[in-house]
Amino acid sequence: MKKKVAAVAVVVVVAVAVAVAEATSPSGRRRLGMFGFQKLDVYRCAVTFLGVASTIAERMPRGHSVLADQLRRAALSVPLNIAEGSGKGTMEDREARRFYAIARGSALECAAIVDALQALRFGLGDEAERAQELLERIVSMLTKMARVAE
């Protein structure tokens, strides 16, 4: 069962990453069929973090599957809520801001999980640093997006 969950998480990460990569040409120009949220830097950072989080979760030692699963779910929540928020109208829309705030909360949860993993002395090395850098950018952008027109 755990292998199936991990396999599904990897498939989701790969599918989202491929969709983002295919949506933009090498020149950075928008291709046909690209959704508005896929143009957002915060969304692209969130998808990148999702891949980093998946790698971290796969490397967790036995007996910590609950923590790995929580990291996967929180990391997936960030780009999903950004996408849903962008579909609710303008950033001034109250409901759109609510989804950005939820995404921000999930990103903060991921940061706390990475901190916990470091405190538990799981050798994350450069992955933890990369995760924290991405999360700082994501939280900063989502904080601004959630506060627009308050």
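**Chat about salt bridges and the core**

Me: How many salt bridges does a search of the whole structure find?
Reply: Four turn up in the whole structure, a salt bridge being a side-chain nitrogen of Lys or Arg within 4 Å of a carboxyl oxygen of Asp or Glu. This is a predicted model, where local features need pLDDT of at least 70, side-chain atom pairs count only at pLDDT 80 or more, and totals for chains, interfaces and linings use all residues. Residues are numbered from 1 along each chain as its sequence is written, and side-chain values use heavy atoms, with hydrogens and water left out.

Me: Which residue does Arg-137 meet in a salt bridge?
Reply: Asp-41, at 2.5 Å, N to O. The pair links distant parts of the chain, with Arg-137 in helix α5 and Asp-41 in helix α2, 96 residues apart. Helices here are DSSP runs (H or I, at least four residues), numbered from the N terminus.

Me: And what about Asp-69 and Arg-73?
Reply: Their side chains also form a salt bridge, at 3.0 Å, N to O. Both sit in helix α3, four residues apart, so about one helical turn separates them.

Me: Switching topic: which residues touch the most other members of the largest nonpolar core?
Reply: Among them are Phe-49, Leu-71 and Ile-138, in a core of 40 residues. Such a core is a set of buried (under 20% relative accessible area, 1.4 Å probe, protein chains only) Ala, Val, Leu, Ile, Met, Phe, Trp, Tyr and Cys residues joined through side-chain atoms within 4.5 Å.

Me: Nice, which element gives the most to this core?
Reply: That's α2, with 11 residues.

Definitions and conventions. Buried < 20%, exposed > 50% of the residue type's maximum accessible area, 1.4 Å probe, protein only. Helix = DSSP H or I, 4+ residues; strand = E, 2+ residues; numbered from the N terminus.
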